[in-house]
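New to this one? Take a look at the fold first, and then we'll walk through it piece by piece.

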Amino acid sequence: MIANLKLQGGGMTDPVWLYTEGKPTQSLTDWVRETGIPLYWRCGQGTCGACTVHLHYPDEATPRIIKLSGKERNVLLRHGKLTAEQHAAETLLQTPQLWRLACHVMVQSGEMLEVSW
Ligand code: FES
């Protein structure tokens with residue numbers, strides 16, 4: 001499985017591109033864990049809220065409709081990264097403004113993904 005990731009955050013002055021191979025079930029934090037890129041995480045299980053990121057899929061003309069897990073919604077709400085209205089919604093549009101937990105984002109084969117934090 002190959003993914004093309006553009007990452008920028010944590011004080012990085014320029015984005016880093018990763019064109020890399022991984023396992024089909026890896027989360028975004030798994031993909032970048034050993035690269036030295038300062039994408040912060042702690043628990044890796046969606047409870048601490050340390051890994052919040054913005055996602056952008058530049059190859060997709062329309063935003064994805066996503067369903068966040070209850071765990072991800074609760075953590076994002078607790079950290080002020082989701083409104084009460086978003087928390088209550090059954091589905092959300094995956095826009096670049098929406099906060100996500102990197103440890104809950106599964107990277108799909110072949111997709112182009114821009115990540116900022
Ligand atoms: S690493 Fe703790 S919520 Fe993602």
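## A walk through the fold

Let's start with one pair of residues: His 54 has Trp 99 of strand E6 as its bridge partner. Keep in mind that this is a predicted model. Strands E3 and E6 run antiparallel and are joined by 3 bridges.

That pairing belongs to an open sheet of 5 strands, with mixed pairing and the order E2-E1-E7-E3-E6. Why do E2 and E6 each have one side without a neighbour in the sheet? Both stand at the edges with a single partner strand, so nothing in the sheet sits on the other side. On average, neighbouring strands here are turned by 35 degrees against each other, direction ignored.

As a bit of background, strands of a sheet pair through backbone hydrogen bonds, and they can do so in a parallel or antiparallel way. You can see both kinds around E1. With E2 (residues 16–21), strand E1 (residues 2–8) pairs in the antiparallel sense over 6 bridges, and Ala 3 stands opposite Thr 20. With E7 (residues 112–116), E1 pairs in the parallel sense over 5 bridges, and there Gln 8 has Ser 116 as its bridge partner.

Here are three pairings side by side:

| Strands | Sense | Bridges |
|---|---|---|
| E1 and E2 | antiparallel | 6 bridges |
| E1 and E7 | parallel | 5 bridges |
| E3 and E6 | antiparallel | 3 bridges |

Now zoom out. The protein chain has 3 helices and 7 strands, and along the sequence they follow the pattern β-β-α-β-β-α-α-β-β-β. Its C-alpha atoms fill a box of roughly 35 × 30 × 30 Å along the principal axes. A compact globule of 117 residues would have a radius of gyration near 13 Å, and the chain has 14 Å, so the two agree. Of the 117 residues, 22% count as buried. Among contacts between residues at least 6 apart in sequence, 72% join residues at least 24 apart.

What about the inside? The largest nonpolar core has 20 residues, and the ones touching the most other members are Leu 28, Leu 39, Cys 51, Leu 101, Ala 102 and Val 115. Two or more residues each come from E1, helix H1 (28–32), strand E3 (52–56), helix H2 (70–78) and E7. H1 gives the most, with 3 residues. Val 115 is a nice one to click on: leaving aside neighbours within four places in sequence, Val 115 is in contact with Leu 5, Lys 6, Leu 7, Leu 28, Val 53 and Leu 55.

Helix H2 deserves its own stop. Which of its residues are buried? They are Glu 72, Val 75 and Leu 76. Seen down the axis of H2, these fall within an arc of 95 degrees, so they line one face of the helix. The buried residues of H2 pack against E6, while the face turned away from the buried side carries the exposed residues Gly 70 and Arg 78. After H2 comes Gly 80, with a positive phi near 70 degrees.

Last stop: Thr 35, in the loop between H1 and E3. Is Thr 35 exposed or partly exposed? Thr 35 counts as partly exposed because 13 C-beta neighbours lie inside 10 Å. Thr 35 is also 55 residues away from Glu 90 in sequence, and 35 Å from Glu 90 in space, C-alpha to C-alpha.

Note on methods. Residues are numbered from 1 along each chain as its sequence is written. This is a predicted model: local features need pLDDT of at least 70, side-chain atom pairs count only at pLDDT 80 or more; totals for chains, interfaces and linings use all residues. Two strands pair if DSSP finds at least two bridges between them. Helices (H or I, at least four residues) and strands (E, at least two) are DSSP runs, numbered from the N terminus. A nonpolar core is a set of buried Ala, Val, Leu, Ile, Met, Phe, Trp, Tyr and Cys residues joined through C-beta atoms within 7 Å. A residue is buried if 20 or more other C-beta atoms lie within 10 Å of its own, exposed if 12 or fewer, and partly exposed in between; C-beta atoms are placed from the backbone. Two residues are in contact if their C-beta atoms, placed from the backbone, lie within 7 Å. Axes are lines fitted to C-alpha atoms, for helices over the stretch in contact, and angles run from 0 to 180 degrees between N-to-C directions. The radius of gyration is taken over C-alpha atoms; the globule rule is 2.2 Å times the number of residues to the power 0.38. The arc is that of the directions from the helix axis to the C-beta atoms.
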